[in-house]
Amino acid sequence: MGPFEMVVAIIFIITIGKIIQTKQKAKIGIVEDQDFMGTKTHRLWNSAETQQMQDEIKALKERIQVLERIATENNSANDLNRQIEELRDR
């Protein structure tokens, strides 16, 4: 086996190993995130923290919809103040 075939074989083995590793992590629910600096973090897919973040995102989306509706409707100043206060109370 020549040096070129050896390099190809090593790359092939590493690729197969990474595929197997990723499949195993996916089976048990581990997600790997990478930020813009290249830092990798591992977290469980369905953890309590993930659920809390999803709930917070849902609440923020609802608030954005209300704010968009308030901004696009032609209402009186008193009605706008009342709607904004209702948002603050949530």
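## A starting point in helix α3

Helix α3 is home to glutamine 83. The model described here is a predicted one, so please read each value below as computed from it. Is glutamine 83 buried or exposed? Its relative accessibility is 9%, and because the cut-off for buried is under 20%, glutamine 83 counts as buried.

A useful partner to look at alongside glutamine 83 is valine 66. The two residues are 17 positions apart in sequence, and their C-alpha atoms lie 8.7 Å apart in space. Valine 66 is also on the list of buried residues of α2, together with Thr50 and Ile70.

## How α2 and α3 pack

Two packed helices are described by the angle between their axes and the distance between the axes. For α2 and α3 (residues 77–89), the angle is about 175 degrees and the axes are 11 Å apart. Angles over 145 degrees count as roughly antiparallel, and α2 and α3 are therefore roughly antiparallel to each other.

Which residues make this contact? From α2 come Arg63, Val66, Leu67, Arg69 and Ile70, while α3 supplies Leu80, Gln83 and Leu87. Sorted by character, the residues of this contact are five nonpolar, one polar and two charged. Two of the α2 residues named here, Val66 and Ile70, are also among the buried residues of that helix.

## Checking the helix lengths

Helix α2 covers residues 48–72, which makes 25 residues. At 1.5 Å a residue it should span 36 Å, and the distance between its end C-alpha atoms is 36 Å, so expectation and model agree.

The same kind of check can be run on helix α1, which has 26 residues (residues 3–28). Here the expected span is 38 Å, and the end C-alpha atoms are 38 Å apart, which again agrees. Just after α1 comes glycine 29, with a positive phi of about 90 degrees.

## The chain as a whole

Stepping back, the protein chain holds three helices and two strands. Along the sequence they come in the order α-β-β-α-α.

How much of the chain is buried? Of its 90 residues, 8% count as buried, and glutamine 83 is one that meets the criterion. The accessible surface of the protein chain is about 8,100 Å², with 61% of it belonging to carbon and sulfur atoms. As for contacts with a separation of 6 or more, 6% of them are between residues 24 or more positions apart.

Key:
Residues numbered from 1 in each chain as written. Predicted model: local features only at pLDDT ≥ 70, side-chain atom pairs only at ≥ 80, totals over all residues. Heavy atoms only, no water. Helix = DSSP H or I, 4+ residues; strand = E, 2+ residues; numbered from the N terminus. Expected span 1.5 Å × (residues − 1). Buried < 20%, exposed > 50% of the residue type's maximum accessible area, 1.4 Å probe, protein only. Contact = heavy atoms within 4.5 Å. Areas by Shrake-Rupley, 256 points an atom, 1.4 Å probe, with all protein chains shown as cover. Axes fitted to C-alpha atoms, helices over the stretch in contact; angles between N-to-C directions. Parallel < 35°, antiparallel > 145°, perpendicular 65-115°, else oblique. Nonpolar A, V, L, I, M, F, W, Y, C, P; charged D, E, K, R; others polar.
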